[in-house]
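Student: I have this one open and want to go through the contacts. Can we start with a single side chain and work outwards?

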Amino acid sequence: MNLLRSRLVQAALILIVSYLIFQFAIRPPAPFSVLSLYMGIVLLAVLVYVSSDSDSWRAFLRPMHATLVDPGKRALRLALMIVIPLLLGYYAYTQAAAKPQAPPELRAVHPAPPDTIQFRGKDFKIAGGDNPLRKDAAAIPKHVAAGGEIYVRNCMYCHGDNLDGKGHFAHGFNPPPANFQDPGTIAMLQEAFLFWRIAKGGPGLPKEATPWNSVMPAWEDRLTEEQIWQVIMYLYDATGQQPRRWETAHGAH
Amino acid sequence: MVGAGLVLAGVALLVTALPAFAQEAAREPAYRNFPWIGSRLAVWAVAQLHLNFAAFILGVPIFAVIIEIIGWRTRDPRYDWLSHEFVKLTFAAFSTTALLGALLLFLFVGYYPKFWTYMTSIFFPTYWVYALLFFAETFTVYLWYYGWDWLSGSRKWIHVSLGVLSNLFGTAILFLANSWVTFMVSPAGVDESGALKGGVWAAINNYAWMPINIHRLIANIVFGGTIAAAYAAFRFLGARTDEERARYDWMGYIGNFVALSAFIVLPFAGYYLGREIYAFNQTMGITMMGGFMSWLWIIQAILIGVLFIGSNYYLWLGMERIPGSERYRKYVPPMLIILAIGFMVWATPRSMVVTLDEARAMGGTHHPILGFLGVMSAKNTAVNLMILTTFLSFVLYRRANRVSQKPWVKTGMAVQWAVIALAAVIVTFYGVYGYFVESLVRIGFSVYQVVAVLAAIVIVMAIDIPMFKGARSTGVIRWGTIAPRSQYVLIILAVTFTWLMGLMGFARSGIRQHWHVYGVLRDTSAEAVTPALGYAANVISVVTLVFFALVMFIFWLGGLSEKGKAGAHGHVAPAIAGGSEDHG
């Protein structure tokens, strides 16, 4: 019990338990980049915890101080002098050694769309553009049904029959196909943004979305403008998501 | 201070000569190249330095005058001394700000003549107003500073009025300069060719103007507070006597208190600004939040997390010098846990840096569970709970050495806890509910969250102030006995805030991408490319270092005048050790 009262042991325990939680309780496993971020924050919090009053801080430092100067701890001191550099060296090696795996990469998840695009030779406004098929409310079910058919014929193989990005081919691709059920994808975007992504596909990604390795085809060669709007309507309808809208009050500014 | 006068004269001359420059510019090249580092870097560095100094000299007088008023009404000379001390810092930085402003103007005129000619064609009338306001501001601050002894006693109200007036002039200057900057981001009042359609007011009152005005005004107070606190920390660490330590401990505490009070509302102002930028142009909004600038917000989250934890840590360390505060130590671990979890949520990226194997295991770059923490619903909830926790820290600090004597104290405290809990429940409820509604509705939820937190702050304070009026003291605050590591925290807070300001300035400016004036005047120079985040962070780090080197030099210069004068000066510091009980 006495050992548990030691501030140093408490700090070490908090770090170990936090690491075990982050490493094993999160499924699928959190990427290393996020794990290190979380551990960095826990380390900061632990240091604040042990040093937020002077008694605690002294108690935290005492065993370290004793290890450094106490004549009776010579053996431990020597062991640490060997073990710590070795651990650091091992860490440096793991970081510097060449791995067969490609290095981690970062993609801009929602690259900014251009203001206008060329769609089959005509200018097409993306910024602030609306889905023209929504004007006639009575025809919406018809368009959604047509969109469903287009989806099954063209999109399902990658994006999945549940629209969750787990289609037949999905496992072969990096980056994987978008998961439309995720509230962070189409629910965050306007329909015009989707139009741009569907029409221009992977080849039409802007520079900021490097490394441009999305295999999404540019559907403008295969689908008409109406078909693209229809499939967009289907995506929202089938997932129960709403396209992003913008406040209209600002229009008068 | 002769320097400032010279700069003013130079600026005035330049302003009168601007039409001639404008004519000349028509025959000039659009750009010239600044030697060695290039024009953009030169303008960037000088603009950022100018902004840092300007934020300091505009922010500090706001709370300096409030402190002076407190001293005047309570007849407590410590506050008058402190206010004078703060204005002294401002005064020392005044001419450097003006010099950097003039340098920035020279760089624009010399290296970006096409851009400057265009800006002049829109904003020329405002240059005159700016120059006049600058004169008025300078002389009012001079009078405020030099007239401290002269306008004391029965004439103190005149002196306080001068302080208020200098703040009004300062704020007007800030608003005017903001109109130029925000016009570049969200131009208004111009036709397709970029020519002014009607009056200049339409160009001034553009989309981002008022949000930036509010955001910068609040941020300036935070910045001024942190720099003043860092100055106090610097003096504390170098102090030779207990009395000096006590004085600068107190000054650091007030500086940090000011910064923290304003910092609590700063995220709301920032959110409003971001929202207006989205409303102006969604491409710009997406570039900023979801596009290539999105990782900037992860860095921002880390820095703001450091600011939150640092500020709370300082308060907890400060409680050690208050007898009776031991009662509240047990609240530190739970508060720290909330702050740490909030920090993690805020710093969790939506799109993660992953290896191929990790992406496969996760089924994409979005983690199926952690991905939920990457969107605004989670982040707003986290930041609101962190603000609430920081407020709680402050409330506990405030009552650390006081025991209320009111008969209704139990009820009062119960209501306070209930209000805080209710605010936390509202914030969490709307945070979770936000996942089930469309984005337009979700954005509206953030307002409910903010209102819940602000209402809780107001209600808790409205109960706290009468509840602890005439409270029994458990001992006086032992100013100067705070652990020295707390002073390093104050310095870290100032550096972090300065760095953050530079980074956010890069976001504000960088979202224009290859435009000088977004969608109106294109940047056709060789340096039109928007720099990568790593490069920008390096530039801002160097600028931050230069800023602190200059600040230390200026403060050192300011300190020189004190040497050998102690006792002779009218503002010799009053004794503070032992402090009063009622300014927690």
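Tutor: Start with Arg58(A), which is partly exposed at a relative accessible area of 48%. Keep in mind that this is a predicted model.

Student: What does the side chain of Arg58(A) meet in a salt bridge?

Tutor: Its partner is Asp55(A), with N to O at 2.8 Å. Both residues lie in helix H4 of chain A, three residues apart, which is about one turn of the helix.

Student: And Asp55(A), buried or exposed?

Tutor: Exposed, because its relative accessibility is 52% and the cut-off for exposed is over 50%.

Student: How many salt bridges are there over all chains?

Tutor: A search of the whole structure gives 15. One of them is between Asp80(B) and Lys156(B), where the closest N and O atoms are 2.8 Å apart. That pair links distant parts of the chain, 76 residues apart: Asp80(B) is in helix H3 (residues 77–111) of chain B and Lys156(B) in helix H5 (residues 156–185) of chain B. Asp80(B) and Lys156(B) are both buried.

Student: Which residues are joined with Asp80(B) into one network?

Tutor: Glu68(B) and Lys156(B), through salt bridges that share partners.

Student: Where does Arg399(B) sit, and what is it paired with?

Tutor: Arg399(B) is in the loop between helix H13 (376–398) and strand E1 (402–403) of chain B. Its side chain meets that of Asp464(B) in a salt bridge, 2.5 Å from N to O. Asp464(B) belongs to helix H15 (residues 439–467) of chain B, 65 residues away along the chain.

Student: Is that pair buried or exposed?

Tutor: Buried on both sides: Arg399(B) has 4% relative accessibility, and Asp464(B) has 0%.

Student: Now the interface. How many residues of chain A are in contact with chain B?

Tutor: 62 residues of chain A, and they touch 63 residues of chain B. The two chains bury about 5300 Å² between them, with 63% of that on carbon and sulfur atoms.

Student: How many salt bridges are there between chain A and chain B?

Tutor: One. The side chains of Arg329(B) and Asp53(A) form it, at 3.7 Å from N to O. As for polar contacts across the interface, the count is eight residue pairs, both residues at pLDDT 80 or more.

Student: Which elements give two or more residues to the side of chain A that touches chain B?

Tutor: Helix H3 (32–51) and helix H4 (54–69) of chain A. H3(A) gives the most, with twelve residues. By class, that side of chain A has 34 nonpolar, 17 polar and eleven charged residues.

Student: Switching topic: how many disulfides over all chains?

Tutor: Zero.

Student: Why is there no bond at Cys155(A)?

Tutor: Because the closest cysteine sulfur, in Cys158(A), is 8.7 Å from the sulfur of Cys155(A), which is too far for a bond. The cut-off is 2.5 Å. Cys158(A) is likewise in no disulfide. Cys155(A) counts as buried, at 16% relative accessibility.

Student: Last one. Where is Asn206(B), and what does its side chain contact?

Tutor: Asn206(B) is in the loop between helix H6 (200–204) and helix H7 (209–237) of chain B. Its side chain makes a polar contact with the side chain of Thr182(B), at 3.1 Å. Asn206(B) is buried, with a relative accessible area of 1%. The C-alpha atoms of Asn206(B) and Asp76(B) are separated by 45 Å, and the two residues are 130 apart along the chain.

Key: Residues numbered from 1 in each chain as written. Chains lettered and ligands numbered in written order. Predicted model: local features only at pLDDT ≥ 70, side-chain atom pairs only at ≥ 80, totals over all residues. Heavy atoms only, no water. Buried < 20%, exposed > 50% of the residue type's maximum accessible area, 1.4 Å probe, protein only. Contact = heavy atoms within 4.5 Å. Buried area = accessible area lost by both parts, 1.4 Å probe. Salt bridge = Lys/Arg side-chain N within 4 Å of Asp/Glu carboxyl O. Polar contact = N/O pair within 3.5 Å; in protein donor to acceptor, adjacent residues only side chain to side chain. Helix = DSSP H or I, 4+ residues; strand = E, 2+ residues; numbered from the N terminus. Nonpolar A, V, L, I, M, F, W, Y, C, P; charged D, E, K, R; others polar.
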